[in-house]
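Subject: Structure handover

Dear colleague,

I am passing on the structure we spoke about, with the sequence alongside. Please open it before reading on, since the notes below are easier to follow with the coordinates in view.

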Amino acid sequence: METLGRLAGVTVDCRDPQRLADFWSVVLGGRVTESLPGWRRVTVAGGGPVLTFQPVPEPKAGKTRLHLDIAVSDVDEAVDRIGMLGGRWTGERHDYQEGAVLVMTDPEDNEFCVVQYYRV
């Protein structure tokens, strides 16, 4: 089957695009630019989808229906570092044979996971 397209980016609705772009640029090792007036974009070093932060007037409500999984070498270190950046660990952890998954939030409470894959 012919591919219809490729994943170019993910857009996040948020109240403070600069704050979230700064947070995610450190987490992912990216560069922050303005894509449209008031919008911020994080281009990840080494490629990958671009993250765009779109300003909206209303706060987040309810559980995030789509989330990012961020592979890390040490989940405990990632939790500490993300906490220093303004994110937080929800306390939810899942351990599987292939690795550990911890549910985190960014500074606007958008959920994402840090994943430490074990060598099996």
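What follows is an account of the annotation, the sheet, the core, the salt bridges and one loop residue.

Please keep in mind throughout that this is a predicted model. UniProt, in an unreviewed entry, lists residues 6-117 under "domain: VOC". Within the model, that span is 20% helix and 42% strand, and its end C-alpha atoms lie 25 Å apart.

On the sheet, there is an open arrangement of four strands in the order β5-β8-β7-β6, in which the pairing is mixed. The edges are formed by β5 (69-71) and β6 (88-96), each of which pairs on one side only, and the twist from one strand to the next averages 25 degrees. At the β5 edge, this strand pairs with β8 (residues 111-117) in the parallel sense, over three bridges, and Asp 69 stands opposite Cys 113 of β8.

Strand β8 also takes part in the packing. The largest nonpolar core has 20 residues, and those with the most contacts inside it are Trp 24, Phe 53, Ile 82, Phe 112 and Val 114. The elements that contribute two or more residues to this core are β1 (9-14), α1 (17-28), β4 (50-55), α2 (75-84), β7 (99-105) and β8. Which residues does Phe 112 touch, if those up to four places away in sequence are not counted? The list runs through Phe 23, Trp 24, His 67, Leu 68, Ile 70, Ile 82, Leu 102, Val 103, Met 104, Thr 105 and Asp 106, and two of these names, Trp 24 and Ile 82, also appear among the core residues with the most contacts.

Turning to charged pairs, the structure holds four salt bridges, and I describe some of them here. Lys 60 forms one with Glu 111, the closest N and O atoms being 3.6 Å apart. This pair links distant parts of the chain, since Lys 60 sits in the loop between β4 and β5 while Glu 111 belongs to strand β8, 51 residues apart. The two partners fall into separate burial classes: Lys 60 is partly exposed, with a relative accessible area of 34%, whereas Glu 111, at 19% relative accessibility, counts as buried because the limit for that class is under 20%.

A further salt bridge joins the side chains of Arg 88 and Asp 109 at 3.6 Å, N to O. Arg 88 lies in strand β6 and Asp 109 in the loop between β7 and β8, so the pair ties together parts that are 21 residues apart in sequence. Both ends count as partly exposed, Arg 88 at 41% relative accessibility and Asp 109 at 36%.

The side chains of Glu 34 and Arg 40 also meet in a salt bridge, at 3.2 Å, N to O. Is Arg 40 buried or exposed? With a relative accessible area of 18%, Arg 40 is buried, because this value is under the 20% limit.

Finally, a loop residue: Leu 36 lies between β2 (30-33) and β3 (40-44). Leu 36 is partly exposed, with a relative accessible area of 44%. From Leu 36 to Val 79 the separation is 43 residues in sequence and 32 Å in space, C-alpha to C-alpha.

With best wishes

Definitions and conventions
Residues numbered from 1 in each chain as written. Predicted model: local features only at pLDDT ≥ 70, side-chain atom pairs only at ≥ 80, totals over all residues. Heavy atoms only, no water. UniProt positions renumbered as here; feature names shortened; annotations may be inferred. Buried < 20%, exposed > 50% of the residue type's maximum accessible area, 1.4 Å probe, protein only. Pairing = 2+ DSSP bridges. Axes fitted to C-alpha atoms, helices over the stretch in contact; angles between N-to-C directions. Core = buried A, V, L, I, M, F, W, Y, C linked by side-chain atoms within 4.5 Å. Contact = heavy atoms within 4.5 Å.
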